[in-house]
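Student: I would like a close look at a single part of this protein, taken slowly and set in the context of the rest of the fold. Could you take one helix, with whatever it packs against and is bonded to, and walk me through it?

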Amino acid sequence: VNLNVYKIIFMKFRILLFILFSYSPTFASDIFDYEMDGISIGNSLLDHYSYSEITSSDIYEYPGSNRFYDIFILSDQSSLYENYSITVKLNDDNYIIYAISGEIVFNYQIEKCFNQKNSVINEIKNEIPNAKQLDYEWQYTELADGQSMAYITEFELNSGSIRVYCVNSSDKAKKSLNFPDYFALELTTHEVLDWLTYEANTGQN
């Protein structure tokens, strides 16, 4: 399946984040209790989309392991998010969700992206008051002129991780690669976190 540059770079960036910034869970809150547009980790994707919608969507297969793969699927028109990336297991006919991310493009509107990020962070803090907040940055050194930046906030939960971030794409990346400024919210189980860290990009089992 042909994916555009934005999707491919997004998934490579996702692998790097999980490899570089994974750490041990210490909090009691459960990733299964948090929703994105009514969709939760552990749901069947078939509860939200038809079989034909799922099977006709673009997918991304990771270079090191095919145990999981990502489905790119359009969101509902009422959603703030323009699309979802949903991680499921290979050969799972029930399409159980192990990770979900939603993206909103804010091209040339990075301040609006930061406002959205802060709003979601406050929502998470209200729902999960004991979760420790970790803030860090990532520079896309190998993308276009190497000046694009991601500003990430992470919350570690008992069964997974919530990541909230804005990507501020450089002008060169926007013009040469069509790589926009965007906001993302990711909910990911520890099973997928471990897989991304140790298998997805390396092929090690």
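Tutor: Five helices and ten strands make up the secondary structure of the protein, and the model that shows them is a predicted one. Of the 205 residues in the protein, 52% are buried, and among the contacts with a separation of 6 or more, 62% are between residues 24 or more positions apart. The accessible surface comes to about 9,900 Å², and carbon and sulfur atoms account for 45% of that surface.

The part to look at is helix H3, which runs over residues 110-127. Its 18 residues should span 26 Å at 1.5 Å a residue, and the end C-alpha atoms are indeed 26 Å apart, so the expected and the modelled spans agree. The residues of H3 that are buried are Ile 110, Cys 113, Gln 116, Lys 117, Val 120, Ile 121 and Ile 124. Because these residues cover an arc of only 135 degrees around the axis, they lie on the same side of H3. The face turned away from that buried side carries Glu 111, Asn 115 and Asn 126, which are exposed. As for what lies over the buried residues of H3, the cover includes E6, strand E7 (133-139), strand E8 (149-156), E9 and E10.

From the helix one can move to the core that it helps to build. In general, nonpolar side chains in soluble globular proteins tend to be buried together. Here the largest nonpolar core has 35 residues, and those that touch the most other members are Tyr 84, Ile 100, Ile 124, Ile 162, Phe 183, Leu 185 and Leu 187. Two or more residues each are given to this core by strand E4 (68-74), strand E5 (83-89), strand E6 (99-105), H3, strand E9 (160-168) and strand E10 (182-189). H3 supplies the largest share, which is five residues. Within the helix, Ile 124 deserves attention, for when residues up to four places away in sequence are not counted, Ile 124 touches Tyr 34, Phe 155, Ile 162, Val 164 and Leu 185. Another core, of twelve residues, lies apart from the largest one, and Tyr 136, Tyr 140, Ala 150 and Phe 179 are among its members.

The helix also has a covalent tie to the rest of the chain. The structure holds one disulfide, and this bond joins Cys 113 to Cys 166, with the sulfur atoms 2.2 Å apart. Since Cys 113 lies in helix H3 and Cys 166 in strand E9, the pair ties together parts that are 53 residues apart in sequence. The angle about the S-S bond is -115 degrees, and the link is left-handed. Are the two cysteines of this bond buried or exposed? Cys 113 has a relative accessibility of 0% and therefore counts as buried, the limit being under 20%. Cys 166 is buried too, again with a relative accessible area of 0%.

Taken together, H3 is a helix whose buried residues share one side, whose residues form the largest share of the largest nonpolar core, and whose Cys 113 is bonded to Cys 166.

Methods: Residues numbered from 1 in each chain as written. Predicted model: local features only at pLDDT ≥ 70, side-chain atom pairs only at ≥ 80, totals over all residues. Heavy atoms only, no water. Core = buried A, V, L, I, M, F, W, Y, C linked by side-chain atoms within 4.5 Å. Buried < 20%, exposed > 50% of the residue type's maximum accessible area, 1.4 Å probe, protein only. Helix = DSSP H or I, 4+ residues; strand = E, 2+ residues; numbered from the N terminus. Contact = heavy atoms within 4.5 Å. Disulfide = S-S within 2.5 Å. Expected span 1.5 Å × (residues − 1). Arc of directions from axis to C-beta. Areas by Shrake-Rupley, 256 points an atom, 1.4 Å probe, with all protein chains shown as cover.
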